[in-house]
Amino acid sequence: MLDLSLAHRLGDFTLTAELRIGAGVTAITGPSGAGKTMLLSLIAGLTRPARGQISLNGISLVNTETKQFVPPHRRHIGQVFQEARLFPHLNVRHNLLYGRLFAGRNRIGPALETIVDLLDIAPLLHRRPRDLSGGERQRVAIGRALLSNPTLLLLDEPVSALDPVRKAELLPYLRRLRDSTGLPMLYVTHQREEVAELATAWVRVENGMVTADQ
Amino acid sequence: MGDFTAEEMTAIWLSVKVACWATAVSLVPGILVAWLLARRSFPGRILLDAFVHLPLVLPPVVTGYLLLLLFGRNGPIGRMLADIGIVLSFNWTGAVLACSVMAFPLLVRAIRLSMEAVDTKLEDAAAGLGAPPWAVFLTVTLPLSLPGILSGAILCFAKALGEFGATITFVAAIPGVTQTLPAAIYGLTQVPGGDAAALRLTLVAALIAIMAVTASELLARRVRRQVEGRDA
């Protein structure tokens, strides 16, 4: 369960959010520039809110009252971006296992084989990111995030950079992920239709206002 | 052209030794300073930047003289070092210091440029996967800027090999002790009949420089392929 209540300013743009997000896929929709990416950046810890608090499963991540701030690498929040952001100097296998280097003994997540099967990426393991198609890269990026054993997965426009065919190819994997892991996911997109089948809850972001959407 | 005299051979080897040491001791501080300038904002950042570039814009003689004032036998740092048995003035180790200082801006510049070219989004992604800042540096920033580090190191080596003004001011040109290749060439041009020997040493200097630059280019190409993930 992700709990947040915060306000943040950037220039003359203000984002205010009051949210409780549970299991399943929560779609966060809204036009470009509405503050969706800023919201994710605040949750991931790449940005500090001007005011407010965020907690995940009862553990406080940031609280401006008590001046508490958990840095991104200790939040256990997986991220998948529009561009896959795979490490170009590592092959797919090493990209996938990267998060494990830092997971610690009591946080070993799913087995590599499980994730590789889930995402059908076994044939790609020894390739370099630049030799992958856009859709393959995104699947590896999702696998990499899952193998870091996150308690929450953020997906920021994960299929926007793909053509319609690749897009249609990737969505079933996300559905599989939703049904087989129970990992809470925040899925940001500016296209509602994209997540229509996937989403179990909706959040709307418009002009910096974040509201639960029915 | 004839054979090299013992003194010429000594000058050649001394230069190579000094340039190797200068590169070796500058590398880690160079990477650190480049990283600070490329990735951190802190008070005094502009001052650090200016300070690092100083040897590039000051006359080498001035840099050498400042080194003499600081690290010479009676200099504040020189005296402290002498107490623990390290003597820099009029010693080959002093030549290493002078060459390091003179080459440092070039080293830092090359490394900094390639670090700035590393996508910060990859660093954010690494942090999101649980990597603490030191690990992000070691596993993402550093390997991705390796081509720049390599070319910076070679530039540093080449600069150190040719350094003259600061070295001769700080440690003079004592044959066999601090007389490096450029100092030997300069010395030969000042005595009658030294032309042939000066030319010989000039060719050696050119040869070493060309070999270093070629080797670095080949190496950098290989590393770049490795880093960018193209199959070699």
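This passage describes a helix of chain A, the interface between chains B and A, and one buried threonine of chain B. The model is predicted, with local features requiring pLDDT of at least 70 and side-chain atom pairs counted only at pLDDT 80 or more, whereas totals for chains, interfaces and linings use all residues. Residues are numbered from 1 along each chain as its sequence is written, and side-chain values use heavy atoms, without hydrogens and water.

Helix α4 of chain A (residues 134-147; helices being DSSP runs of H or I of at least four residues, and strands runs of E of at least two, numbered from the N terminus) has its end C-alpha atoms 20 Å apart, in agreement with the 20 Å expected for 14 residues, the expectation being 1.5 Å times one less than the number of residues. Twelve of the 14 residues are buried, so α4(A) is largely enclosed by the rest of the structure; buried means under 20% relative accessible area with a 1.4 Å probe, protein chains only. The helix is followed by Asn149(A), whose phi is positive, near 55°.

Chain B and chain A bury about 2000 Å² between them, 62% of it on carbon and sulfur atoms, where buried area is the accessible area (1.4 Å probe) lost on association, summed over both parts. One salt bridge is counted between the chains, and Glu83(A) forms a salt bridge with Lys121(B), with the closest N and O atoms 3.9 Å apart; the criterion is a side-chain nitrogen of Lys or Arg within 4 Å of a carboxyl oxygen of Asp or Glu.

Within chain B, Thr23(B) lies in helix α1 (residues 6-39) and is buried, with a relative accessible area of 12%. The side chain of Thr23(B) reaches the backbone oxygen of Ala19(B) at 2.7 Å.

Definitions and conventions: Chains are lettered from A and ligands numbered from 1 in the order in which they are written. Buried means under 20% relative accessible area, exposed over 50%, partly exposed in between (1.4 Å probe, protein chains only). A polar contact is a pair of N or O atoms within 3.5 Å; within protein, one must be able to donate a hydrogen and the other to accept it, and residues adjacent in sequence count only if both atoms are side-chain atoms. Buried area is the accessible area (1.4 Å probe) that two parts lose on being put together, summed over both.
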